[in-house]
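This note is offered to a colleague who is meeting the structure for the first time. Please read the numbered points below alongside the model.

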Amino acid sequence: MRRTKSPRGAGAGRSRVAGCTLLVIALGAGVAGCSSDGDPLSAEPYDAADQISFSGSVEAGGEADPDKPLEVVAEDSDGRITDVTAVDASGRHVAGELAADGSRWHSTSPLAAGARYTVRVSTEDEDGAPGRKVLTFTTAKPATTRRLTVTFGPGAGTYGVGQPLTAELSAPVKDPAQRAVVERSLKVESTPAVSGAWHWVDDKKLHYRPQDYWPAHATIGVRSTLEGVKVNDRLRGGGSEPLTIRTGDRVIAVTDAAAHRLTVYKNDEEIKQIPVTTGKPGFETRNGVKVVLAKERFVRMRSTTVGIAEGSAESYDLDVEFATRVTWSGEYVHAAPWSVGSQGYDNVSHGCVGMSTDNAEWFFDTVREGDIVKVENSTGETMEPFGNGYGDWNLDWPTWQAGSALTTGKTPSQAEQARLRPQIV
């Protein structure tokens with residue numbers, strides 16, 4: 001990218017500017033030493049159009065093949081590329097890699113089909129003078145018509161701080177590299193800001209959670225930038241509806257099965273203790289962190305739905321009030337007026353957390369979907385991470401991150417997951 005040097009005076013001033021710029025990169029605070037020569041960023045970049053080239057038909061104004069990487073090459077050995085940004089009309093940036101000598105840049109993330117891109121290339125000649133080239137191009141329409149769409153959950157509304165986000169894919173994705181393409185396109189933002197990670201539950205479903213619970217009164221948005229992006233030879237991303245949810249107060253209910261007591265905390269302050277009964281031997285309540293799934297004012301509970309034969313010594317058929325569901329298999333926090341004499345003293349239920357009708361009504365009115373219900377000191381097994389509700393918080397953070405396609409960690413087996421114990425109070 002060699003340019004004709006300017007006469008001494010203008011050229012010398014430009015050289016000093018370039019020297020300041022390089023000094024800032026190398027030494028940071030060294031910019032003060034050049035302040036007398038003016039702002040080092042004030043140099044006007046020259047047009048580097050004839051000193052760089054683009055791959056394929058991009059330079060000629062034709063449509064680019066979205067299945068091939070974008071490449072930018074420095075044609076002049078006396079200059080180099082210093083920076084490249086490529087972004088489409090919807091704001092999606094293309095990741096790329098710049099050679100150490102600045103001779104070449106190529107994209108490392110797939111281009112979207114049927115999209116318009118703007119590429120800004122910054123260069124530097126042998127004297128350190130800055131150059132610039134801006135190019136726009138479009139990518140061709142995809143040859144395949146099959147689309148991968150994403151449905152986000154749980155649905156718009158206000159939830160407790162334990163509510164995970166879910167992403168349901170319209171087609172299975174098994175290959176790790178293809179999963180990385182999908183996951184990289186699922187964007188989550190929250191206010192206040194917290195970091196989190198996606199975890200692949202299976203080939204079609206992902207869950208997202210932070211390391212700790214969400215902040216109280218947060219706004220959380222999730223969207224897909226997958227549209228037009230190649231997943232595999234027969235599948236490209238399709239359009240998906242974004243989702244925004246909010247969190248309410250930080251409500252956490254902790255049941256101590258050994259002490260027969262449930263304690264409710266709101267925004268980290270204890271607000272109520274309730275005497276309870278939990279699962280008796282053979283029907284122990286699951287340990288661990290669960291998330292409120294639903295609230296049912298009345299529910300008919302029948303033992304046959306959990307594998308207890310009708311007419312046996314343990315069978316039951318009851319109309320239950322103020323039932324707060326925490327597993328899909330039928331574990332609730334609910335009114336149990338028939339066991340008031342045992343509440344606070346003994347565990348006599350078939351796995352649910354039972355309390356008086358007044359306390360169950362208070363609990364029902366206090367919690368919302370997404371609130372945390374934790375059980376400790378039960379002799380039962382730990383709540384499953386997936387498949388029976390939201391047991392996501394029973395995986396410690398390294399194990400959760402290992403379920404992301406963007407990490408190198410190995411996803412633990414279901415047997416390994418089942419042995420984990422909750423780490424969050």
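1. A residue counts as exposed when its relative accessible area is over 50%, and as buried when that area is under 20%. The model discussed here is a predicted one. With the cut-off in hand, Asp268 may be placed: its relative accessible area is 59%, so Asp268 is exposed. His260, by contrast, has a relative accessible area of 12% and is therefore buried.

2. These two residues also deserve attention for their backbone. Most residues other than glycine have a negative phi. His260, however, has a phi near 60°, a positive value in a residue that is not glycine. Asp268 is likewise not a glycine, and its phi is positive at about 75°. His260 is found in the loop between β20 and β21, while Asp268 belongs to the loop between β21 and β22.

3. The strands around these loops should be read together. Strand β20, residues 251-256, pairs with strand β21, residues 261-266, in the antiparallel sense, and six bridges connect them. One pair to locate is Asp256 with its bridge partner Arg261 in β21. The two strands make a hairpin with four residues between them, and His260 is in its turn.

4. Strand β21 also has a partner in strand β22, residues 269-275; the two run antiparallel and are joined by six bridges. Here Thr263 has Gln273 of β22 as its bridge partner. This second hairpin leaves two residues between its strands, and Asn267 in the turn has a positive phi of about 50°.

5. Two peptide bonds should be checked by eye. Most peptide bonds are trans. The bond that joins Gly153 and Pro154 is cis, with omega about 20°. Pro154 sits in the loop between β10 (150-153) and β11 (157-159). A cis bond also leads from Thr191 to Pro192, where omega is near 0°. Pro192 is located in the loop between β13 (186-191) and β14 (196-200).

6. Which residues are closest to the centre of the largest pocket? The pocket has a volume of about 680 Å³. Of the 31 residues that line it, Tyr316, Gly330, His350, Gly351 and Cys352 are the closest to its centre.

7. The lining of the largest pocket can be described by element and by class. At least two of its residues come from each of β24 (294-302), β25 (317-325) and β26 (332-335). The most is given by β24, with four residues. Sorted by class, the lining holds 13 nonpolar, twelve polar and six charged residues.

8. Finally, helix α3, residues 357-366, merits a look along its axis. Asn359, Ala360, Phe363 and Phe364 are buried in this helix. These buried residues are on the same side of α3, because they cover an arc of only 140° around the axis. Which exposed residues does the face turned away from the buried side of α3 carry? That face carries Asp358 and Asp365.

Conventions
Residues numbered from 1 in each chain as written. Predicted model: local features only at pLDDT ≥ 70, side-chain atom pairs only at ≥ 80, totals over all residues. Heavy atoms only, no water. 1 Å grid on protein atoms, 1.4 Å probe; cavity = no way out; pocket = protein on both sides within 12 Å on 5 of 7 lines; lining within 4 Å. Points joined across faces, edges and corners; volume = space filled by probe spheres on them. Nonpolar A, V, L, I, M, F, W, Y, C, P; charged D, E, K, R; others polar. Pairing = 2+ DSSP bridges. Buried < 20%, exposed > 50% of the residue type's maximum accessible area, 1.4 Å probe, protein only. Arc of directions from axis to C-beta.
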